[in-house]
Amino acid sequence: QVVEALPRDLYTAGLLQALVDAAGVPVPPMQYDVASYLVTYQTQDRGVAVDATALIAWPSSAPEGTEIPTLLFLHGTSGFTDGCGPSTDGESAALVAALASTGYVVVAPDYIGLKGTEPATGFPHPYLVGEATAIASLDAVRALRGLAEQGIGGTPPSPRVAVFGGSQGGHAALWVDRLAPYYARELTILGVAATVPPSDAVTQGALALQTVRNSTGNMVAFYGSSSAWYGLADRLDEGFVAPVEVQVPAALAAGRDPSDSIPEPTELSQVFQPSLLDAAQGATLGELEPWGCLLRENGLTTTSTTRISPDPASYGVLFVTGEADNLVDTPTERAAFAELCDDGLPATYLECVGASHTE
């Protein structure tokens, strides 16, 4: 259900062309003027109704009655609490508008817990929890029907959906592929582009707990937020040492990056309990309960949620990595890609030579 739809921005195709030219972004020519709305919609989280927000943009100068396919745009890590999603960010809004100008209705969800409107969600974003993010994202696409019922949009909502995401959004895109056949069978997912996704959560997590690296902070955020989502907030002292087990949830509740709220560690033992570190070193992190379960169930290669989609011949997943990525480990993702393919994912692999995580 659409709770509220607030007019956001109007762009001419000429303005968008000037913006993408100035940014040096190699995209197809801008075709249409674009209108966007900040939409508050009702989704569900673990069976309970909850509100979320999305930025939705469409080609406003397209011929009346034209059915235009939907592009589900899934953003990378942007924060952990309300107000941190793309709907509040001008640069993200311009990118969404540029994509719409090429001929899509673009749906850019903020994800649960990153809400762009009042009242507050009441809990932090469950970071890298695949179910929570995919469900809210699929319901953001469904919200197009509610907009049409209110006479907003100008283009009939299309069940034809392409999915794109990068980093956390790449992880989310693969979870949309996994869960859409369970949750949103009325949608026709045309294909998925998942860039630099941490699809093997167990191995990526183990690397982050074997040595201090860029992804170590992501593990702090993942355990700090996902533990609450799974009902394990009172057991954080089993994963974090004192006073980190108190500092991390306090930072998340206050809207701060938890990595900024604790001293930068020189040793992992300053943050994590020996049981986690020993399991990571011994390659048994995925078996350490309950912390291994959190990683297993949010990794595409290890989750108990099997893929059930009977894929049409035209369907596929583009799986993109960066050779020089120092956040998501590329050798791990090469192996994960091969495993997913062996399990039946119709995917193509592209590794960008010399590219970092954000390139």
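1. S167 sits in the loop between β6 and α4 (168–183) of this predicted model. Although S167 is not a glycine, its phi is positive, at about 65 degrees. With a relative accessibility of 15%, S167 counts as buried, because the cut-off for that class is under 20%.

2. A283 also has a positive phi, in this case about 60 degrees, and is likewise not a glycine. The residue belongs to the loop between α8 and α9, and its relative accessible area of 66% makes A283 exposed, since that class begins over 50%.

3. Two cis peptide bonds deserve a look when the backbone is checked. One joins A242 and P243, with omega at about -5 degrees, and P243 is placed in the loop between α6 (216–229) and α7 (244–253). The other runs from E289 to P290, with omega near 0 degrees, and P290 is found in the loop between α8 (274–281) and α9 (291–297).

4. The sheet is open and consists of nine strands, with mixed pairing and the order β1-β2-β3-β5-β4-β6-β7-β8-β9. Its edge strands, each of which pairs on one side only, are β1 (2–11) and β9 (347–352). On average, and with direction ignored, neighbouring strands of this sheet are turned by 20 degrees against each other. Helix α10 (residues 330–342) lies across β8 (317–322) and β9, and runs at about 165 degrees to β9.

5. How many of the residues of strand β4 (residues 70–74) are buried? Five of the five are, so β4 is largely enclosed by the rest of the structure. The cover extends to both faces of the strand, with T70, L72 and L74 buried on one side and L71 and F73 buried on the other.

6. The pairing of β4 can be followed to two partner strands. Three bridges join β4 to β5 (residues 105–109) in a parallel arrangement, and within β5 the bridge partner of T70 is V105. Between these two strands the chain passes through helix α2 (residues 90–101), giving a β-α-β crossover that is right-handed. With β6 (residues 160–166), β4 also pairs in the parallel sense, here over five bridges, and L72 has V163 in β6 as its bridge partner.

7. V163 appears again in the largest nonpolar core, which has 52 residues and in which I56, L147 and V163 have the most contacts. Helix α3 (residues 130–149) gives the most to this core, contributing eight residues. Apart from its neighbours within four places in sequence, I56 is in contact with residues including Y37, V39, V105, V107, A140, L144 and L147. There is also a second, separate core of 32 residues, and among its members are M219, A221, F222 and L252.

8. Helix α1 (residues 13–23) packs against α2 at an angle of about 120 degrees, with the two axes 10 Å apart, and the crossing of α1 and α2 is left-handed. The residues that meet are A13, L16, L19 and V20 from α1 and A94, A97, A98 and S101 from α2.

9. Is D45, a residue of strand β2 (residues 34–45), buried or exposed? Its relative accessible area is 5%, so D45 falls in the buried class. Once its neighbours within four places in sequence are left aside, the contacts of D45 are V50, I112, F123, A132 and W229.

How values were computed: Residues are numbered from 1 along each chain as its sequence is written. This is a predicted model: local features need pLDDT of at least 70, side-chain atom pairs count only at pLDDT 80 or more; totals for chains, interfaces and linings use all residues. Side-chain values use heavy atoms; hydrogens and water are left out. Buried means under 20% relative accessible area, exposed over 50%, partly exposed in between (1.4 Å probe, protein chains only). Helices (H or I, at least four residues) and strands (E, at least two) are DSSP runs, numbered from the N terminus. Two strands pair if DSSP finds at least two bridges between them. A crossover is right-handed if, with the strands pointing away from the viewer, the path from the first strand over the helix to the second runs clockwise. A nonpolar core is a set of buried Ala, Val, Leu, Ile, Met, Phe, Trp, Tyr and Cys residues joined through side-chain atoms within 4.5 Å. Contact means heavy atoms within 4.5 Å. Axes are lines fitted to C-alpha atoms, for helices over the stretch in contact, and angles run from 0 to 180 degrees between N-to-C directions. A crossing is left-handed if the near helix is turned anticlockwise from the far one by less than a right angle, and right-handed if clockwise.
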